Structures are given as structure tokens and as C-alpha cells.
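Biologist: I'd like a close look at one part of this model, the charged side chains and how they pair up. Could you walk me through it?

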Amino acid sequence: MRRAWILILTLVLALAGCGGGTESGAVGGEAAGIVPASVALYVSGNTDFEGDEWQAAEELVRKFPDGERGIQMLLEDLQEQEDIDFEADVKPALGPEVALAVLDFASDEPTFVGLTQPRDEQKFQDLLARSDEPTVSEVVDGWTVFANDQAAIDAFKEARDGETLADSVDFEETMDGLEGGLVSVYANGAGLQSAAEQAPDFPQGDFGACLPEGQFPSFGAVARAEDGGARLDANAVFAGDVEESGLAPSPYEAELLEEVPSGVLAYISFNDLESQLSRFRDCFSQLEPEFESQLGQAEAFLGVSLEEDLAPLFSGESALYVRGGSLIPEVTLLTEVEDEEQAAATLDEIVESLRGLAPFPLPEPQMTEIAGVQVRQLAIQPPVSLYYGAFDGKLVVTSAREGIADLREDGDRFADDDAFAAAKDRSGLPDETTGWGYVDLAEVFPLLLGFAGGVPPEVQGNIDPLRSVVFYSTTDGARASFSLFVGIE
């Protein structure tokens, strides 16, 4: 819809890196001081085009050969299609911040307004006049509030009879640590729950088995440009302790990366998945009456129990990773187990059941020795095989013999890889998390494009600056936090 095109245009151009911005200490931007605390969704975009943070974004874009050219094409298209000049028409019309406030999600057509403090009020009104749909505006406490009709602005003013968002405890707790940034977002948990519960197809079961106190969390997020990359940080604040609820595992320090061989292209680390599987089973059982019977049928077919056989395989630390291979990449699952014999037997049962589902005949797994240990080999289609076995207190499932041999033999380890060490340092990956992941973009993109038939020079230049992706989650009482960092050099 073009009725909110001013805000969308501004954020798109800003995210493309065509300006700079100030580093405001206000959580969620200054507009939070005028928006009502009852707002369902609040988005704040930094549109001050002269400060350090947006300058960092512009420098990131310049690292890509087609970055500035893409921005210029966007601006030229804006001029050609809409007869709008960004420098002459948009920049003066907007203030240092543009915000969007959605008052509620409960209706079919949510009520929302935009807010800014125009540098040039007449330029702003001229910009509104270019909209395809009628747009009205009104100055409220020094902010120009604009919407599709006066009723939306009146609803906004009426909602301001209570406290503002900046005074809200929920907003403060949710946005803690998310100050500044290019774009920040806040979603009120009560508003999300109210809207969800009114949906006709929304399950009406007891959410106490799914969420602490049975209540939706509030969400907050901020996007930043930094020296060496781009970052997205987010918080979810629940009504109770998220760790005690079993919804998230307790923080742990990953140790398997000290055993995984070097050359990792992608890595996902997780811990105590057993507890989470149990929590999710309880949740789905409460929300879906047919879930337990359907799960029972699946367990009977596989010949294993989710709770007694499968889940215990993931009671400790686990890792799923990809390494380069001679023909195809190696994919390996590594997980700590207490009973090696039981773990191998459980996997035997699963493999036997899955053989019956294969679209082509699969032979029975054969015993083979790799690096001094007995494992099973399931030949799928030459030269592809699946190898699995339990040894040294771990269960290993891999697509390559090297996946087991390199684990058993002395050699360089993933923890010491230079690319991973650099990515960890840039991203700020902490020692203790509730789970994390890593992708070596510098190696993965050329590999994928190579499978597609080669890398054109113009594409190569635009992927060269991409170094890595690191993401991780942490918990602290009722707060669960997530961070994603894309390394760019």
C-alpha cells in the first residue's frame, strides 16, 4: 500500500546506506516519549542523515562494487517514476526520526499513524500531497502525526491519556540493551496475544504448558551498522523465568568445537534438546487434542519412543556441522550420549523404519571399521553413504568416512580455525549461550555458486566482502535474547 510509502521509502533508502544518523541515547527513539504505552507495535527509524551510525552503514555499502550504483539507480527511479528528488524533496521533509505506531491488531484494519518532526513543514506537506490516497496530519506535542484519516489521529490522541511508551516498564525491560541503531521495533505481548486469541483458527487450549504464565512475550529488536559488519539484536521478555519453564535450555559453554576437525563451513551448537522436546510435547498436547494419538502412531511406525529413546540422544551438548568434501560437502551430527549401545540401537531402529519409506531399495546397513572403531554404513546411492556409530561417549552420524576418521585422529580443530576465530571476535560471541551458529560465507557462497556452474566476475565482486554469519541466544531470568552478526570486510 502506498499510504505508508513515505516511511517505507525512508527506511529502504536508509537501510541501503545513503546517509548518516545521530546516536541517540533514547531507547527506541525520541518518539517513544509521545506514543501511548498501550501501542501494539512501534517502529522507529533514524533519519538524521549526518551522524556516525549511518555513516558506518554507507561505508559498508561502499564495500560492494554495485552498492553505490544500486542506491543511485533507486534514487533515479524515484525521480523518474514519482518525480521526487531525495535530496530536495525527502530529506528536508523528514525530521531526525520517523516512527510508525500501530494502536491495535484486534481489528481487520489496524489503526496506525506515522510521526516525525519535519525540518521543513511545507516540504513535508508537499510530500504528503503526492500520496495516491488522502492523508491528514496534525501537530501533537511538537510532533507531526500523519494518517489516512482524522479518526486514526483522534484515536492516537485519546490513547495518550495514559502513560507514554517511554514510561512503560514493559517497554523499558524489553528494549534494555537495544539503544540507538538504525531501526528499532517493539511489539507489545498483550497486544499480540489479544489479536491472536481473536483469530478464528487460533487454538484455544491452555498456553500454560507453552509459555511462562501462559502469556505471550513482548518483543524488541534493533538493527545496527558497525565497523566490520551489520548486527540485529532482539529481546523477548516473558511473564516468568524462561529457563525454569523449560522453553529455553540453561546457558552452557560449548566444548565440542574443541573436538570437531577443522575446515567447518557451517556449524550449529545446541544443548539439552531433550528438555525442550519434552516441553514442546506438553505444549502441543494441550493445544491439539489429536497430537498424542498422531505422535503414538509415528512412534509405533519408527519403533522408538520420542521421550524414552530419541530425546535422550540429545540430553547433552550436540553439534550439526558441514565441511568441504572431495565430491559433495560432508554433513555430520555429533551428540554426547551416556549409553553408547542404546544410542546405536535406537538409530538402528530408526534407519530400519526409514528404509521402508525410501523411493528406491536400500540395503541393510553393514558394519565397517573407520579409524579403529566399528560403525555402520548405509549405502544410499553411490558414491553417497550414511555412516553412524557410537564411540568415545558420543553418537556420530555423517555423510563421509572422513567425518569419523578426522574426529578420531589428531589434527587441527574447528576452535582454532582462523576464519572462525575472527568471526567470533567480530560478533562478540560469548563463551556461554543457550545455542549458537556460524556460517563461513567466504567459503560457502563460492561453493554454492560453483555447483550452479561457476561464479560470474560481477557476482564474485559482490560476494567477496561477505565474511561470515554468527548468531547466538542467551537467557537471563524472564528475558531471552538473540543476536545475529554479518561480517563484512
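Which residues are linked in a network of salt bridges?

Modeller: Bear in mind that this is a predicted model. The network you're after is made of Arg281, Glu292, Glu299 and Glu307. Let's zoom in on one pair there: Glu292 and Arg281 form a salt bridge, with their closest N and O atoms 3.0 Å apart. That pair links distant parts of the chain, since Glu292 sits in helix α10 (residues 291–302) and Arg281 in helix α9 (residues 273–287), 11 residues apart. The two ends have their own surroundings: Arg281 is buried, at 15% relative accessible area, while Glu292 is partly exposed, at 35%.

For context, the structure holds 20 salt bridges, so here are a couple of others to set beside that pair. Asp348 forms a salt bridge with Arg376, and the closest N and O atoms are 2.9 Å apart. Because Asp348 belongs to helix α12 (residues 340–355) and Arg376 to strand β14 (residues 373–381), this pair ties together parts 28 residues apart in sequence. Asp348 is partly exposed, with a relative accessible area of 24%, and Arg376 is partly exposed too, at 21%.

Then there's Asp233 with Arg224, whose side chains meet in a salt bridge at 2.6 Å, N to O. Here Asp233 is buried, with 14% relative accessible area, and Arg224 also counts as buried, at 16%; the cut-off for that label is under 20%.

Definitions and conventions:
Residues numbered from 1 in each chain as written. Predicted model: local features only at pLDDT ≥ 70, side-chain atom pairs only at ≥ 80, totals over all residues. Heavy atoms only, no water. Salt bridge = Lys/Arg side-chain N within 4 Å of Asp/Glu carboxyl O. Buried < 20%, exposed > 50% of the residue type's maximum accessible area, 1.4 Å probe, protein only. Helix = DSSP H or I, 4+ residues; strand = E, 2+ residues; numbered from the N terminus.
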